[in-house]
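Reader: I should be grateful for a close examination of a single part of this chain. Please treat the packing of one helix against another in detail, and then set that part beside selected strand and loop residues.

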Amino acid sequence: MFRQSQIQSSNVSSQSQYQEKEFVYDACFGAQTSQEEIFEDTKMLIQSGIDGFNVCIFAYGQTGSGKTYTVSGAPNNMGIVPRSFMEMFSIRQRLEKDDHFTVRFECYMVELYLDKLNDLLTGGARNANQSSINNKDKLEIREDAKTGLVYIQNAKQKTLNSFQEALDTFETGLKSRKVQSTEMNDLSSRSHLIFGIVIETKNNNTGEVSRGKLSFVDLAGSERLNKANPRNNIERQRESNAINLSLKSLGDVIQCLSNGNVSKAHIPYRDNKLTHLMKDSLGGNSKTLMFVNVSPADYNSSESDYSLRFGNRVKMIQNDVTKNVESEQVQKLKEDNELLRKKLGI
């Protein structure tokens, strides 16, 4: 997708000799690379989402390696997600300038914590117990039979009308995410974050409608409990076990896809909620960009080596990328069916 770059990792053996390993990726960003430069190699995917493709951008790596900073950024130094908002509304402004197109953005934001989905747009884990009292409000992972898009039943969906509204929505959701202090990170993310934007683009001249989806995934960091030394060990151990189990399931799916086993019957998406959520983002007809975040410290060399190997497997996946497009006739048929259902009270 991007320029070819190489990276080398060095592991220290018991004899204090370095073993160099070479990995080849689409691009490599060092500690001095700016957020602007990183996004320049990313923003073409935002156009793809508006064109009707499924797009997933996610960050993988050990605790404290900089995933959340890459995805969210910091005050006065925006990360991938806020910059994507700017690009989205810039593209929409150009498309709608002469009334040839109408573009609509609708988002949801959830976290996967201890194998349970929490809606971050309604307060996250704070309100999860109240919602779970009524089963009809329980968050469930569903798939659209026609498009293959994954969606979350009962999750709050919000229409985004401006950059500021999108940014405020994202930042509000982040405040509800589960974080905790460990020896590896002052604010370690204890959940997987999924921010989805469903994009509907209508060509007002032809009536053709395309539906794309942008998924931003900030994965919780893999970690060794003896290194993280989290406070309140019993609860943190439960969190670490849940995180590592879900990441193992992600690795199993990646392994199947990178081996060329593209038969849906043999890919274990449903082994874990994380991989089920990412089913329309890994393999299939999606465009996927993975950031592998690694620590430069020798102390973390084994974790960095594992992350780099994981990234290598992801790079081997070949997707059959297609648009989600419906003609004016199909749109009319859907509208007629919906009216009929309302009349019949179905």
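Author: The account below begins with the whole chain, turns to the helix pair, and ends with a strand, a loop and a further strand.

The model is predicted. The chain contains eleven helices and 16 strands. Of its 346 residues, 46% are buried. Among contacts with a separation of 6 or more, 67% join residues 24 or more positions apart.

The part chosen for close study is the pairing of helix H2, residues 44–51, with helix H4, residues 80–95. Two packed helices are described by the angle between their axes and the distance between the axes. Here the axes come within 10 Å of each other and cross at roughly 50°. Because that angle falls between the ranges for roughly parallel, under 35 degrees, and roughly perpendicular, 65 to 115, H2 is oblique to H4. The crossing of H2 and H4 has a right-handed sense. On the H2 side, the contact is formed by Ile-46, Gln-47 and Ile-50. H4 contributes Ser-84, Glu-87, Met-88, Ile-91, Arg-94 and Leu-95. Sorted by class, the residues of this contact comprise five nonpolar, two polar and two charged.

An α-helix has 3.6 residues a turn, so residues three or four places apart point the same way. Within H2, the buried residues are Leu-45, Ile-46, Ser-48, Gly-49 and Ile-50. Ile-46 and Ile-50 are thus listed as buried and also take part in the contact with H4. After H2 comes Gly-52, which has a positive phi near 110°.

Strand E6, residues 101–113, holds Glu-106. The side chain of Glu-106 forms a polar contact with the side chain of Arg-104, at 3.2 Å. Apart from neighbours within four places in sequence, Glu-106 touches Gln-157, Lys-158, Thr-159, Gly-196, Ile-197 and Val-198. Glu-106 and Ile-199 are 93 residues apart along the chain, yet their C-alpha atoms are separated by 6.6 Å.

The loop between E6 and strand E7, residues 116–119, includes Leu-114. Asp-115 lies in the loop between E6 and E7 as well. Most residues other than glycine have a negative phi, and most peptide bonds are trans. Against that background, Leu-114 has a positive phi of about 50°, and Asp-115 has a positive phi of about 65°. Neither residue is buried: Leu-114 counts as partly exposed because its relative accessibility is 27%, and Asp-115 is partly exposed with a relative accessible area of 42%.

His-192 belongs to strand E13, which spans residues 192–203. With a relative accessibility of 2%, His-192 counts as buried, since the limit for that class is under 20%. Two polar partners are found for the side chain of His-192. A polar atom of this side chain lies 3.0 Å from the backbone nitrogen of Ala-220. The His-192 side chain also makes a polar contact of 2.7 Å with the side chain of Ser-246. Beyond its neighbours within four places in sequence, His-192 is in contact with residues that include Val-110, Glu-111 and Leu-112. Other contacts of His-192 in that set are Arg-177, Asp-218, Leu-219, Ile-243, Leu-247 and Leu-274, among them.

Technical notes. Residues are numbered from 1 along each chain as its sequence is written. This is a predicted model: local features need pLDDT of at least 70, side-chain atom pairs count only at pLDDT 80 or more; totals for chains, interfaces and linings use all residues. Side-chain values use heavy atoms; hydrogens and water are left out. Helices (H or I, at least four residues) and strands (E, at least two) are DSSP runs, numbered from the N terminus. Contact means heavy atoms within 4.5 Å. A polar contact is a pair of N or O atoms within 3.5 Å; within protein, one must be able to donate a hydrogen and the other to accept it, and residues adjacent in sequence count only if both atoms are side-chain atoms. Axes are lines fitted to C-alpha atoms, for helices over the stretch in contact, and angles run from 0 to 180 degrees between N-to-C directions. Angles under 35 degrees count as roughly parallel, over 145 as roughly antiparallel, 65 to 115 as roughly perpendicular and the rest as oblique. A crossing is left-handed if the near helix is turned anticlockwise from the far one by less than a right angle, and right-handed if clockwise. Ala, Val, Leu, Ile, Met, Phe, Trp, Tyr, Cys and Pro count as nonpolar, Asp, Glu, Lys and Arg as charged, and the others, Gly among them, as polar. Buried means under 20% relative accessible area, exposed over 50%, partly exposed in between (1.4 Å probe, protein chains only).
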